[in-house]
Every structure is written in C-alpha cells, then in structure tokens.
Amino acid sequence: MIQRRLLTTISRMTDEAKRLAGCAAVDNHVKDNQVLGIGSGSTIVHAVHRLAERKKNENLRVLCVPTSFQARQLILRNGLTLTDLERHPELDIAIDGADEVDSDLNLIKGGGGCLAQEKIVAACAKSFIVIADYRKDSKNFGDQWKKGIPIEVIPMAYVPVTRAIEKRFGGAAELRMAISKAGPVVTDNGNFLLDWKFEKVYDWKDINTAIKMIPGVVDTGLFIDMAERVYFGMEDGTVSVRDKPVH
C-alpha cells in the first residue's frame with residue numbers, strides 16, 4: 001500500500017512537471033496567427049490543452065501541423081485548426097517532447113515511435129522548442145534513458161540494418177515488439193523500429209549521419225543541433241529553461 005501511494009505521488013509530480021513545461025513554452029513562444037508543429041507523447045498533451053485555453057480566453061488563432069496520428073487527434077479534440085506541410089511547408093514554431101536531453105541540447109526521441117515525422121516537422125520550423133520533465137535532463141545520452149536510440153527502418157531491411165549497426169558500432173539493436181498485439185511495433189509510416197543500446201559516448205553527429213546512410217534506415221531518434229530551447233518542469237514546481245550552448 002505504501003509503495004502504491006509513493007508511485008501515485010511520483011506520477012502526479014511528473015505529470016505536473018510536464019504541465020508546467022508545456023504551459024511555459026506555449027505562453028512564451030506562441031503568438032496569434034502562427035503555424036505550429038505539434039509533437040507527440042504525454043508531455044505535448046499539456047501544451048495542446050494550454051493552446052485550447054488561450055484560444056478560448058484570448059481568441060488565439062493558430063494552425064497546427066501534427067507529427068503523428070495521436071497528435072492529429074489531440075489537435076482535433078481540443079478544437080484547434082488542423083493543417084499540413086503541403087499547405088504550410090514553413091512553420092513558425094514546433095513544440096515537442098524528448099526522451100532524453102544532453103548537455104548540448106541534443107535529443108533522443110522516438111520512444112513513442114513517431115521519430116521520422118517529428119524530425120520532419122521540427123526541421124520545417126523556424127524555432128524548435130522542447131518540453132520535458134526533470135527526469136529527461138542528462139549530461140550524456142544513456143544517463144537517464146536506458147531503452148536505446150530508436151531507429152526507424154523499412155521492414156524488409158531490419159535484419160541487415162541490425163547486423164550493420166552492431167558490427168560497426170557495437171551494442172545491441174533490438175526489434176521493438178508490440179505489447180498488446182503479436183509482432184513488432186509498426187510506425188505511422190508502416191515501418192519497424194530498432195532500439196540500439198549503445199555501449200559508450202560517441203560523437204553523436206557523426207553516428208547519426210553514419211546510421212542514416214545504411215540502406216533501409218528511414219531516420220534515427222537522434223535530434224542533433226535542432227532544439228533552440230528546452231523547458232524542464234522541475235520537482236519543486238518551478239520551470240528550468242536551457243538554451244542551446246554557443247560553441
């Protein structure tokens with residue numbers, strides 16, 4: 001019973017941290033008549049709720065490009081206006097979560113399986129803003145996130161890609177299996193996901209390029225030098241803001 005209460009308390013704390021980060025990002029960056037990229041995952045839910053509040057209270061007018069089926073449904077359920085990259089190939093802002101953020105503001109994303117579309121939308125935005133709770137803040141990749149780097153692959157190529165990654169970079173690349181159905185997880189694009197559990201810290205820019213050049217790889221969950229600012233919701237109810245370092 002005590003353990004269950006503790007887990008409930010921790011869950012509420014992290015959910016509140018996500019809410020604080022999402023609200024701060026929306027309030028500080030979103031203005032009237034903008035076109036927004038809307039990410040996927042549990043943290044982005046709070047950002048979309050805040051957008052809906054501002055639409056109601058301020059008559060905020062924004063157009064939203066989703067990164068996944070989940071994001072699309074979230075936009076529609078909250079009464080926001082849906083658009084796409086065909087009509088709006090250049091976005092003012094993209095807001096999304098992350099599975100891990102390192103000291104250089106590089107990201108691991110794709111724990112929810114939407115990495116390719118998330119990266120496309122982020123790359124189309126003038127400004128890419130990330131929201132996360134305190135658990136996602138790391139000095140180096142792997143400090144907090146233990147599930148590996150997601151890699152989206154064309155189904156027929158998952159075995160050759162797995163072998164190529166393990167041979168060149170070590171570690172273990174595992175096909176992500178579904179929980180509620182038999183077989184592998186299938187992305188919105190109809191592809192498979194590998195989770196590469198690496199063994200050391202790399203030059204992630206070089207690794208990202210090298211993996212993407214393997215035939216059959218669609219994209220990686222490494223978002224290198226893309227985020228402009230990260231909002232971390234903290235345990236104490238504050239929001240920590242970190243900007244991309246200048247080297």
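# Exercises on a predicted model

D195 and R176 form a salt bridge, with 2.8 Å between the closest N and O atoms. The model is predicted. The exercises start from this pair.

## Exercise 1

Which parts of the chain does the D195–R176 pair tie together?

**Solution.**
- Step 1. Place D195: strand β10, residues 192–197.
- Step 2. Place R176: the loop between β9 (172–175) and β10.
- Step 3. Combine the two. The partners are 19 residues apart in sequence, so the salt bridge ties a strand to a loop.

Are D195 and R176 buried or exposed? Both are buried.

## Exercise 2

Find the partner of R50, then place both residues in the fold and classify their burial.

**Solution.**
- Step 1. R50 meets D27 in a salt bridge, side chain to side chain, at 2.9 Å from N to O.
- Step 2. R50 sits in helix α2 (residues 42–58), and D27 in helix α1 (residues 2–29). The pair links distant parts of the chain, 23 residues apart.
- Step 3. R50 has a relative accessible area of 18%. Buried means under 20%, so R50 is buried.
- Step 4. D27 has 37% relative accessibility and therefore counts as partly exposed.

Which residues does the salt-bridge network around this pair hold? D27, R50 and E53 are joined into one network through shared partners.

## Exercise 3

Compare the two ends of the R135–D133 salt bridge by burial.

**Solution.**
- Step 1. The closest N and O atoms of R135 and D133 are 2.8 Å apart. The distance cut-off for a salt bridge is 4 Å.
- Step 2. D133 has a relative accessible area of 0%, so D133 is buried.
- Step 3. R135 has 37% relative accessibility, so R135 is partly exposed.

How many salt bridges does the model hold by this rule? The count is 19.

## Exercise 4

Describe the largest nonpolar core, from its members to its elements.

**Solution.**
- Step 1. The core has 24 residues.
- Step 2. I165, W196 and W204 touch the most other members.
- Step 3. Four elements give two or more residues each: β8 (149–153), α5 (158–169), β10 and α6 (204–212).
- Step 4. Helix α6 gives the largest share, four residues.
- Step 5. Look at W204 in detail. Leaving out residues up to four places away in sequence, W204 touches F141, I149, W196, F198, L222 and I224.

Which residues belong to the second core? This separate core has 23 residues, including V30, V48, L80 and I95. In soluble globular proteins, nonpolar side chains tend to be buried together.

## Exercise 5

Name the residues of the nonpolar surface patch, then examine V218.

**Solution.**
- Step 1. I154, M156 and V218 make the patch, which covers about 310 Å².
- Step 2. V218 lies in strand β11, residues 217–220.
- Step 3. With a relative accessible area of 35%, V218 is partly exposed. Patch residues need over 30%, so the value for V218 passes that cut-off.

## Exercise 6

Work out the layout of the open three-stranded sheet.

**Solution.**
- Step 1. The strand order is β5-β6-β12, and the pairing is antiparallel.
- Step 2. Strands β5 (100–101) and β12 (222–223) are the edges, since each pairs on one side only.
- Step 3. Strand β6 spans residues 107–108, and two bridges join β5 to β6.
- Step 4. Take V101 as an example. Its bridge partner in β6 is L107.

Methods. Residues are numbered from 1 along each chain as its sequence is written. This is a predicted model: local features need pLDDT of at least 70, side-chain atom pairs count only at pLDDT 80 or more; totals for chains, interfaces and linings use all residues. Side-chain values use heavy atoms; hydrogens and water are left out. Buried means under 20% relative accessible area, exposed over 50%, partly exposed in between (1.4 Å probe, protein chains only). A nonpolar core is a set of buried Ala, Val, Leu, Ile, Met, Phe, Trp, Tyr and Cys residues joined through side-chain atoms within 4.5 Å. Contact means heavy atoms within 4.5 Å. Patches are made of residues with over 30% relative accessible area and no salt bridge: like charges are joined within 9 Å, nonpolar side chains (Val, Leu, Ile, Met, Phe, Trp, Tyr) within 5 Å. Accessible areas come from the Shrake-Rupley method with a 1.4 Å probe; for residues, only the protein chains shown count as cover. Two strands pair if DSSP finds at least two bridges between them.
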